[in-house]
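Colleague: Please take me through this model one feature at a time. For each feature, give me the general idea and then the case here.

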Amino acid sequence: MAHVPVLLDEVITAIRPRAGGLYVDGTLGGGGYARAVLAVEGARLVGIDRDPEAAKAAAALRKAFPDTFAFQSGPFSLMEQIVELSGSDGVDGVMLDLGVSSMQIDEAERGFSFQKDGPLDMRMARSGPSAADAVNHLDADELAAIFKIYGEERHARRAARAIVEDRAAKPFETTLELASLMARVIGGKPGRIHPATRVFQGLRIYVNDELGELIRALGAAERILKPTGVLAVVTFHSLEDRIVKTFLRARAGMAGQGSRHAPQVDAGPAPSFSLLTRKAIEPSEAEIAANPRARSSRLRAGVRTTNPAWPAEDDGLPGVPPYSRLLECVT
């Protein structure tokens, strides 16, 4: 199934592309948002994506918009350096479409889906340690923390103990091996989500350092956006949404209580953003009917003020082992 960009009209309305403007699509994917921006005559866009598969969409966009589109492979947390290398002194809009794409889920060999048999991989960049490395090398406490915090799995410790016991006989290699074990040890009622759903989510977020990447990217976007430039972020689960909500509310001078997953929101410098809308924008019933994967999506957006960017924040996420721990385990 081709990836269908969710909340496309709402994102483009928020970004307000115009002739002469420069925009960043930090999650190029299939190029849906980028193509809509580039359709505005004279609008320029830099696409970024760490998934090598995005190069196909980039090639098509480069052919269609040779003078206004550029692409850089890499994580979106590096957008500040990428924009600097392009020679620009700032951008007019940044778009981020978080999480895993339909294309990644639908390709069994990528290892994102517990419903398709394939290697237990989950790496968006197709480099570095995989999900199999994590489940075969991290200890039970570390796995439990990943499942509980990143996956929000109530039976995290039970799942982690079962993995450690089973891998002693044979290392995990495939998605269905892990999914079958989770079905046995977590169980579930008919009609509910698959027992492996939250474990797979936690592993995917950990293996790709998704929340750390997001926190770094939000700060980078703040620094590269020109006054009146817009940051638009589409999220798909509560962890991402809490981080984006907390970041924008704090930067807009609406600091509240932080959470264990999100940056601390103590009162800070002058507001660097104003909120485009006070509440997240949700998909219409018509969009959900046409694309069920849009159901959990939320759009949050902020407009850059003339005030300086806030100091960079710590991207540490307490309670889970750092990604460097996995690197140590497999080298």
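**Reading the model**

Colleague: How does Ala183 count in terms of relative accessibility: buried, exposed or partly exposed?

Modeller: Ala183 has a relative accessibility of 35%, so it counts as partly exposed. The class in between runs from 20% to 50%. Keep in mind throughout that this is a predicted model.

Colleague: In which helix is Ala183 found? How far apart in space are Ala183 and Ala196?

Modeller: Ala183 belongs to helix 9, residues 175–185. Between the C-alpha atoms of Ala183 and Ala196 the distance is 6.5 Å, for a sequence separation of 13 residues. A similar reading can be made for Val40. Its C-alpha atom is 9.9 Å from that of Gly21, and the two are 19 residues apart along the chain. Val40 sits in the loop that joins helix 2 (32–38) to strand 2 (44–49). Beyond its neighbours within four places in sequence, Val40 has contacts with Pro17, Arg18 and Ala19. With a relative accessible area of 27%, Val40 is partly exposed.

Colleague: What should I look for in the nonpolar interior?

Modeller: As a general idea, nonpolar side chains in soluble globular proteins tend to be buried together. Here the largest nonpolar core has 68 residues, and the members that touch the most others are Met79, Val94, Phe147, Leu178, Met182 and Leu231. Helix 11 (residues 210–224) supplies the largest share of this core, eight residues. There is also a second, separate core of 28 residues, with Ala14, Tyr23, Leu45 and Val303 among them.

Colleague: Which residues is Leu178 in contact with, leaving aside its neighbours within four places in sequence?

Modeller: Leu178 is in contact with Leu120, Val135, Ile163, Phe172, Val199, Phe200 and Leu203.

Colleague: Helix packing next. At what angle do helix 7 and helix 8 cross?

Modeller: Helix 7 (residues 140–150) and helix 8 (residues 156–167) cross at roughly 135°, and their axes come within 8 Å. Since an angle counts as roughly antiparallel over 145 degrees and as roughly perpendicular from 65 to 115, helix 7 and helix 8 are oblique to each other. The crossing of helix 7 with helix 8 is right-handed. At the interface, Ala140, Asp141, Leu143, Ala144, Phe147 and Lys148 of helix 7 face residues of helix 8 including Ala156, Ala160, Ile163 and Arg167.

Colleague: How does helix 7 pack against helix 10?

Modeller: Helix 7 and helix 10 (residues 197–207) have axes 8 Å apart and an angle of about 100°. Helix 7 is therefore roughly perpendicular to helix 10. On the helix 7 side, Ile146, Phe147 and Tyr150 take part, and on the helix 10 side the residues include Val199, Leu203 and Tyr206. Phe147 of helix 7 also appears in the contacts with helix 8.

Colleague: And what is the angle between helix 11 and helix 12?

Modeller: Helix 11 packs on helix 12 (residues 238–251) at about 25°, with the axes 10 Å apart. That angle makes helix 11 roughly parallel to helix 12. Their crossing is right-handed. The residues that meet include Leu211, Leu214, Ile215 and Leu218 in helix 11, and Leu239, Ile243, Val244 and Phe247 in helix 12.

Colleague: How do I read the backbone phi values?

Modeller: Most residues other than glycine have a negative phi. Arg16, which is not a glycine, has a positive phi of about 55°. Arg16 is in the loop between helix 1 (8–15) and strand 1 (22–25), and it is partly exposed at 43% relative accessible area. Met122 has a positive phi as well, near 75°. Met122 is in the loop between helix 5 (102–106) and helix 6 (131–137), and with 0% relative accessibility it counts as buried.

Colleague: Last, a charged side chain. Is Arg300 buried or exposed?

Modeller: Arg300 has a relative accessible area of 13%, so it is buried; the cut-off is 20%. Arg300 lies in strand 7, residues 298–304. Its side chain makes a polar contact of 2.7 Å with the side chain of Asp241. Outside its neighbours within four places in sequence, Arg300 has contacts that include Leu231, Val244, Leu248, Arg278 and Lys279. Leu231 is also one of the residues that touch the most other members of the largest nonpolar core.

How values were computed
Residues numbered from 1 in each chain as written. Predicted model: local features only at pLDDT ≥ 70, side-chain atom pairs only at ≥ 80, totals over all residues. Heavy atoms only, no water. Helix = DSSP H or I, 4+ residues; strand = E, 2+ residues; numbered from the N terminus. Buried < 20%, exposed > 50% of the residue type's maximum accessible area, 1.4 Å probe, protein only. Polar contact = N/O pair within 3.5 Å; in protein donor to acceptor, adjacent residues only side chain to side chain. Contact = heavy atoms within 4.5 Å. Core = buried A, V, L, I, M, F, W, Y, C linked by side-chain atoms within 4.5 Å. Axes fitted to C-alpha atoms, helices over the stretch in contact; angles between N-to-C directions. Parallel < 35°, antiparallel > 145°, perpendicular 65-115°, else oblique. Left-handed = near helix turned anticlockwise from the far one by under 90°.
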